[in-house]
Amino acid sequence: LALKELEKQLVQKPYQYNTLHDMKSDILLTNGMSAITLGYAKPNDGGGGTYKIQSASTKQANDGNVIALNNGNFALLQTEPCIYRIEQWGGIAEQLCDTALENIIKDAKENNKGFTIIFGYGSYNFDVNHAIDKRVTIEGKGVENTTLNFTGVDTDTPFLTIGTDTRIASVSIRDIRLKGNNKYKTGLKLVKTSANTELTNVRIVEFKKEGLLAMGVYDANVTNLEMSDCGGLLEGTYYYGLTITNIGNDNSNAWHVVNSRFERSPYLVKAFKTFSMQMTNCKFEAGDGVKLNDGNQPYILVDSPYYPFIFNACSFVATSVEKIRSLKGDGAFIPSHMIEVKNTSVNAPVSVTGCEFLSATHGALFIRGSRVIVCVCTFNLTNGQMGNTYSIDLQDNSILSQSRIHVYQSQEGGLIPIFCNNGIVKDNVISMWTRGVTIVGKNSAVAIPQGSPSNRIDNLTTQHGLQFTEV
């Protein structure tokens with residue numbers, strides 16, 4: 001009896017190894033034993049785990065949760081169901097992790113369940129594209145601590161695609177940075193995800209096309225998204241860092257973007273054929289521009305919304321014309337406006353409320369749609385008119401009210417802060433300076449096109465003798 005009890009204790013006691021290779025090499029590990037590894041490739045690399053030894057496995061060995069031992073037995077990783085720590089699959093920081101990620105995706109697909117991929121500390125390198133068609137959570141240890149670093153060759157396929165033609169729910173990405181090194185064209189692509197699509201504490205940088213391309217995505221909650229150096233003119237097409245659009249008959253719906261920042265790109269955000277969008281307490285800071293032929297693209301484009309689109313308590317900052325030209329030359333691209341709104345409808349008003357515009361040298365708003373409401377905003381603009389561009393170009397039954405507009409002109413000239421065609425301008429305060437000298441009776445506060453009787457201007461306060469002018 002004493003001998004049998006001793007044998008039982010030896011079987012139950014876990015054996016400890018420095019690495020996965022050391023465990024695989026131990027020919028004494030037999031059915032029923034347990035093993036512990038301190039790391040995957042080396043101790044303390046984050047890939048350690050606890051394994052149960054079995055003589056057979058219903059799944060093929062994958063160097064992750066099923067390990068083939070040299071003696072013909074199998075070591076099965078003991079972990080929470082559908083939880084994948086990439087280090088336990090051989091994805092080690094500062095090394096290529098494509099094989100580990102593909103093995104995880106394959107195993108999760110066989111389970112036919114939603115799953116979670118956890119990244120540790122460091123930069124994880126990838127050379128190829130990856131696609132996930134199941135409900136997934138991807139999480140790291142914070143944008144300063146965890147980076148998915150894309151080092152592969154340039155390709156038209158996004159680095160990471162989540163979703164397919166079949167809608168999937170509950171996709172979550174949080175506490176992680178995606179870096180393209182200006183090699184990949186698109187970073188993250190979401191296709192027809194729905195029911196609590198979540199991005200929290202995510203930073204996306206250095207992608208030639210879109211940093212995030214969302215197509216037909218429902219119910220998205222985005223908090224603390226940081227995006228920089230994404231988007232640009234490529235092969236004759238303008239690409240925006242954050243692009244939210246439709247796919248076939250499926251439109252993106254019910255997006256809430258909060259406390260997020262978009263910067264260092266001539267094309268920041270594009271929303272096309274969207275339902276019920278809201279951006280709150282976000283900051284948009286333009287880049288230094290690039291040489292283009294037409295120079296007629298805004299930093300932010302809202303096109304053909306189906307239901308309301310709201311900017312609330314946001315900040316918009318544009319690079320000065322002087323800085324752009326000093327970096328790029330006199331032929332440098334000067335975007336037309338910070339925000340352009342077009343193709344709206346009665347059922348889809350666009351609201352810009354409580355926002356601040358700073359140094360929008362080439363215009364702040366260009367509105368080519370009905371039912372756009374701009375109220376309680378502050379405009380501090382420099383060189384407000386570039387060519388035929390007005391600081392605020394208001395058309396088609398839109399409203400500008402309860403706002404303060406201050407324009408500083410670096411040289412005297414026919415500056416008109418507001419161009420109003422079939423719109424309503426009411427309860428605003430407008431002031432203008434030229435090289436620190438007050439303009440009196442020389443420039444116009446509001447230009448009203450001739451033959452547009454639908455304009456209504458009420459209680460407008462203009463400082464320093466500014467006037468209304470028909471053009």
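Buried means under 20% relative accessible area. Keep that cut-off at hand for these exercises on a predicted model.

**Exercise 1. Describe the chain as a whole.**

Solution. Start with the elements: the protein chain has 4 helices and 46 strands. Next, take burial. Of the 471 residues, 54% count as buried. Then look at contacts between residues at least 6 apart in sequence. Among these, 69% join residues at least 24 apart.

**Exercise 2. Decide which residues of strand 21 are buried, and find the partners of the strand.**

Solution. Strand 21 spans residues 242-245. Take one side: Leu242 and Ile244 are buried there. Turn to the other side: Thr243 and Thr245 are buried too. Both faces of strand 21 are therefore covered, given that buried means under 20% relative accessible area.

Now the partners. Strand 18 and strand 21 run parallel, joined by 4 bridges. Here Met215 stands opposite Thr245. Strand 24 (residues 269-272) also pairs with strand 21 in the parallel sense, over 3 bridges. In that pairing, Thr243 stands opposite Lys270.

**Exercise 3. Work out what surrounds Glu210.**

Solution. Locate the residue. Glu210 sits in the loop between strand 17 (197-207) and strand 18 (212-215). Glu210 is buried. Which side chain of opposite charge is nearest to Glu210? It is Lys209, 6.0 Å away. A salt bridge needs a side-chain nitrogen within 4 Å of a carboxyl oxygen. Glu210 has no salt bridge.

Look for a polar partner instead. The side chain of Glu210 makes a polar contact with the side chain of Thr186, at 2.8 Å. Leave aside residues up to four places away in sequence, and Glu210 touches Lys185, Thr186, Gly187, Tyr239, Tyr240, Gly241 and Thr243. Thr243 belongs to the strand of Exercise 2, where it is buried.

**Exercise 4. Identify the nonpolar cores.**

Solution. Begin with the general tendency: in soluble globular proteins, nonpolar side chains tend to be buried together. In this model the largest nonpolar core has 88 residues. Those with the most contacts inside it are Ile162, Phe262, Phe284, Phe311, Phe316, Phe357 and Phe379. A second, separate core has 14 residues, including Leu20, Tyr40, Tyr51 and Leu77.

Now take Phe262. Not counting residues up to four places away in sequence, its contacts include Leu225, Met227, Leu242, Val257 and Phe284. Lys283 and Glu285 are also among the residues that Phe262 touches.

**Exercise 5. Place Gly64 in the fold.**

Solution. Gly64 is in the loop between strand 3 (49-54) and strand 4 (66-68). Is Gly64 buried or exposed? Its relative accessibility is 0%, so Gly64 counts as buried. Beyond its neighbours within four places in sequence, Gly64 contacts Tyr51, Leu77, Gln88 and Trp89. Tyr51 and Leu77 are in the second core. Tyr84 is 20 residues from Gly64 in sequence, and the two C-alpha atoms are 8.9 Å apart.

**Exercise 6. Examine two residues with a positive phi.**

Solution. Recall the usual case: most residues other than glycine have a negative phi. Asp175 has a positive phi of about 60 degrees, though it is not a glycine. Asp175 is found in strand 14 (residues 172-179). With 24% relative accessibility, Asp175 counts as partly exposed.

Turn to Asn281. Its phi is near 55 degrees, again positive in a residue other than glycine. Asn281 lies in the loop between strand 25 (275-280) and strand 26 (283-285). Its relative accessibility is 43%, so Asn281 counts as partly exposed.

Key. Residues numbered from 1 in each chain as written. Predicted model: local features only at pLDDT ≥ 70, side-chain atom pairs only at ≥ 80, totals over all residues. Heavy atoms only, no water. Buried < 20%, exposed > 50% of the residue type's maximum accessible area, 1.4 Å probe, protein only. Lys, Arg positive; Asp, Glu negative; His and termini not counted. Polar contact = N/O pair within 3.5 Å; in protein donor to acceptor, adjacent residues only side chain to side chain. Contact = heavy atoms within 4.5 Å. Core = buried A, V, L, I, M, F, W, Y, C linked by side-chain atoms within 4.5 Å. Pairing = 2+ DSSP bridges.
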